[in-house]
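Visitor: Please choose a single part of this protein and take me through it slowly, with its surroundings, explaining each term as you go.

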Amino acid sequence: MKNKLFALVMATALTPLSIWANTTVVHNINGYTPTNNGDLANFQTLVFKDGRVINRGNESLVSSYPDATVIDGQGKVLLPGLIDAHGHIIGLGQNLMRLDLRDTTSIEEIGEKLKAFASQSDQDWIIGRGWNQENWPVKEFASAKDLDKYVSNKPVVLSRIDGHAVWVNTKAMELAGLKADAKSPAGGEIIRHEDGSPTGVFIDKAENLITSAIPKTSMKSLSSALDKAGEHLLSLGITSAHDAGIDKDTWLLYKDRAENHTLPIRIYAMLSAADPQLESMLKAGKVHDNQDMLSIRSVKVYADGALGSRGAALLADYADRKGHKGLMLESQEQLQEIYKLCFTHGFAAHTHAIGDRANREVLDAYEAVFKSTGGKLLRNRIEHAQIVEPSDIGRFKELKIIPSMQPVHATSDMHMAEQRLTDNQLQGAYAWQTFLAQGSKVAAGSDFPVELANPFHGLYSAITRQDHQGQPEAGWRPEELLTREQALRAFTLDAAYSAQQEFKLGSLEKGKWADFILVDTDIISAPVQDIWQTQVLQTWLGGTKRYERDAPALQ
């Protein structure tokens, strides 16, 4: 009896050691998290074990975990790891290794950057991205000859900032075998000179006439791009990203890296409907790993182009190009066939739609297929949902379609959008608050590398609808502003919901992964102009620190 009693006492005495081993307590923090019950919780201490949250609360919690590793947060702000619900991970990584033309303001500036880059590159093809003719003195597309002045001995392919047009030199057209009388494909446009010859600018599906000639990217290069992108995203506080359209090679890469536990961030990947191997990937089934690092259960479908290149499909003419209504990349019948294929295999469909015509036809296609095939509960999404005819907004809720939107698009597009569209066409534009008011969940992202990946730029745009100089003073179309709490939820819990991950990611609640960041700005109470300048100090993924800014380490 004595031996049994002694054993019981000893077991009780040792219990804290076994229970709290591998437990970490981060205290002295100003923590915020949205919750599944709709609140925004404020806390001073976060406790996690084996990568998952086990508690949060005030400072008194620290004494409840006597054998835990204790970290002093030094009063810093702690937030859930941010989720970008729409980006292009490999594209971002490649951009970091290619010619970056973002913020260039003239053809001449682009030419000089191109010339300098080409002189130092050993690549057979010079690839770049980021030009935007709206930032040039003459806001018109340039030509191949404008590039030939700077580089003529190598093929040059430069993507517009939105990825919906390429501008190439003569060498690229020659190597692609492009003929002067080449016809524009359905869903694409070859911009031509007055004599009918191609200028060197190709819109949407016409891009393939050139890009199909670019040598295939090696798996090693894809893997390097993934690492580059992951490192960059972690430094910005992004712990999970939704990759909007991956090809077969990227699908293979992601699965291999997940199996070997080497993915740099959490990835929710959408298969590209444009990939010839789509059906074989669908037949292979949904992908999910036990650590929730990789999820593949949806397909990215492309309905129209972009507003900046006048490829977005509109119900009425463009205000600045009479007789032109943009481009549908797929007919409604084709959309329905794609949706049937997706739903039959249990995959959701996430459809790129920017113009009001595209959004309407996509909604029509979803509705028709739901009636014939089902699939309504798969958390289908419309990516961008930028210009929506007001009478169609309610259909998102009726059809359970999630608007996956990028707040920074509104502030980067606002001046251009007012040139492209009439005030009447803008009534349902970038309508975040209208969507939320009807009960839709808005999943927020950036569309990197179209825009910078920095989520604090997106949070600022969502809250202010202003540029970084605070203009326009009241915000552009301010009735669609989000509150700070709404914006944070859109970049965390609602983004997780749009990937069917709201019980695993998106908030710091018991049982969820301990994905969190420490930042230098209180985005809930600081002056609004400080939000876009927020700096990430640390990024933790599954209870492991994966990034730390050059600063004294927290103890």
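Guide: What follows is a look at one helix, its two ends, the loop after it and the pocket beside it, with a short view of the whole chain to begin.

The model is a predicted one, in which local features need pLDDT of at least 70 and side-chain atom pairs count only at pLDDT 80 or more, while totals for chains, interfaces and linings use all residues. Residues are numbered from 1 along each chain as its sequence is written, and side-chain values use heavy atoms, with hydrogens and water left out.

The protein chain has 17 helices and 25 strands (DSSP runs numbered from the N terminus, with H or I over at least four residues for a helix and E over at least two for a strand). Its radius of gyration is 25 Å, close to the 24 Å that the globule rule gives for 555 residues, so the chain is as compact as a globular protein of that length (the radius is taken over C-alpha atoms, and the rule is 2.2 Å times the number of residues to the power 0.38). Along the principal axes, the C-alpha atoms fill a box of roughly 100 × 55 × 50 Å. Of the 555 residues, 57% count as buried (under 20% relative accessible area, with exposed meaning over 50% and partly exposed in between, for a 1.4 Å probe and protein chains only). If we take the contacts (heavy atoms within 4.5 Å) between residues at least 6 apart in sequence, 72% join residues at least 24 apart.

Now to the part itself, helix α15, which runs over residues 455–464 and is mostly covered, with ten of its ten residues buried. Among the buried residues are the aromatic-named pair to look for in the picture, Phe 456 and Tyr 460, together with others including Pro 455, Leu 459 and Ile 463. At the N-terminal end, Asn 454 caps the helix, for one of its side-chain oxygens lies 2.9 Å from the backbone nitrogen of Phe 456. At the other end, just after α15, Arg 465 takes a positive phi of about 50°. To set that in context, most residues other than glycine have a negative phi, and most peptide bonds are trans.

The next residue to visit is Gln 466, which sits in the loop between α15 and α16 (484–490). At 10% relative accessibility, Gln 466 counts as buried. Its side chain makes two polar contacts (pairs of N or O atoms within 3.5 Å, where within protein one must be able to donate a hydrogen and the other to accept it, and residues adjacent in sequence count only if both atoms are side-chain atoms): the side chain of Gln 466 reaches the backbone oxygen of Glu 473 at 2.7 Å, and the backbone oxygen of Gly 470 at 3.4 Å. Leaving aside residues up to four places away in sequence, Gln 466 touches Thr 411, Tyr 460, Gln 471, Pro 472, Glu 473, Ala 474 and Gly 475, and Tyr 460 is one of the buried residues of α15.

Two cis peptide bonds belong to the loops on either side of the helix. The bond from Phe 448 to Pro 449 is cis, with omega near 0°, and Pro 449 is in the loop between β22 (443–444) and α15. The bond from Gln 471 to Pro 472 is also cis, with omega near -10°, and Pro 472 is found in the loop between α15 and α16.

Last comes the second largest pocket (on a 1 Å grid over the protein atoms alone, an open set of points where a 1.4 Å probe fits, with protein on both sides within 12 Å along at least five of seven lines, and with lining residues having an atom within 4 Å of a point). This pocket holds about 1000 Å³ of space (the space filled by probe spheres set on the points, which are joined across faces, edges and corners). The pocket is lined by 45 residues, of which Val 408, Thr 411, Ser 412, Asp 413 and Glu 451 lie nearest its centre. The elements that give two or more residues to this lining are α13 (407–420) and α15, and α13 gives the most, with nine. The lining divides into eleven nonpolar, 24 polar and ten charged residues (Ala, Val, Leu, Ile, Met, Phe, Trp, Tyr, Cys and Pro count as nonpolar, Asp, Glu, Lys and Arg as charged, and the others, Gly among them, as polar). Thr 411, one of the residues nearest the centre of the pocket, is also touched by Gln 466.
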